[in-house]
Amino acid sequence: PNPPAVSTEATTNLADFRTLLGQLDRVGRLYTEGASQYAGPVQGRLGMLRGATGIGASEAEADFRAELASIQNAIIYLKSGKQINEQEYTRLSRELPDATEPGPVFKAKLARATGLVNTMLTNREAELKARGYRGGAPDAPPPPAATPPPTPSGKTQKWIKDASGKYVPAP
């Protein structure tokens, strides 16, 4: 007999974590591609003023800040949907990068948040596999719903497995 299929709820849960990984990756790409000029103790705070007043605001900065906000919203959604517990929520919230942090701190927090979400996803996949469910295991490719929306340039993010078996954004 075939093992039971992963429930729709569990599939959605896994897709939500993969989407969050895509959002974290996008913030990293935006930062590397020039959004770093909008971050830091001074520019991060000035950016809040630019966003509030519109004076000196740019679409690129607004996009960067919106992506950072969407990550926080995604984590709140995961918590409210009981997909993560209070301890995971607190830990992940502390690891999120903030536009007002110096560059090295921003990059380090982004890397830690990405690693933490990757671990959470891997643990959930392993738990499903251990319970005998098919699908959703680390050796299964992410579902199409896990692909984040196209970037402003129209590109979509592709995912590959690294040497440890975790999903990472394709170069």
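In what order do the elements of the protein run from the N terminus on? In this predicted model, they follow the order α-α-α-α-α-β-β.

**View 1. The whole protein, with its five helices and two strands.** Of the 171 residues of the protein, 39% count as buried. The accessible surface comes to about 9,500 Å², and 58% of that surface belongs to carbon and sulfur atoms. When contacts between residues at least 6 apart in sequence are considered, 64% of them join residues at least 24 apart.

**View 2. The buried side of helix H4, which spans residues 86–95.** Glu-88, Tyr-89, Leu-92 and Glu-95 are the residues to look for here, since each of them is buried. They lie on the same side of H4, because the arc that they cover around the axis is only 130°. An α-helix has 3.6 residues a turn, so residues three or four places apart point the same way.

**View 3. The cover over the buried residues of H4.** Among the elements that cover these residues are helix H1 (8–32), helix H3 (59–80) and helix H5 (103–130).

**View 4. The other side of H4, with Gln-87 and Arg-94.** Both Gln-87 and Arg-94 are exposed, whereas Glu-88 and Glu-95, which belong to the same helix, are buried.

**View 5. The start of H4, with Asn-85 and Gln-87.** Here a side-chain oxygen of Asn-85 comes to within 3.1 Å of the backbone nitrogen of Gln-87; Gln-87 is also one of the exposed residues shown in the previous view.

Notes: Residues are numbered from 1 along each chain as its sequence is written. This is a predicted model: local features need pLDDT of at least 70, side-chain atom pairs count only at pLDDT 80 or more; totals for chains, interfaces and linings use all residues. Side-chain values use heavy atoms; hydrogens and water are left out. Buried means under 20% relative accessible area, exposed over 50%, partly exposed in between (1.4 Å probe, protein chains only). Helices (H or I, at least four residues) and strands (E, at least two) are DSSP runs, numbered from the N terminus. The arc is that of the directions from the helix axis to the C-beta atoms. Contact means heavy atoms within 4.5 Å. A polar contact is a pair of N or O atoms within 3.5 Å; within protein, one must be able to donate a hydrogen and the other to accept it, and residues adjacent in sequence count only if both atoms are side-chain atoms. Accessible areas come from the Shrake-Rupley method with a 1.4 Å probe; for residues, only the protein chains shown count as cover.
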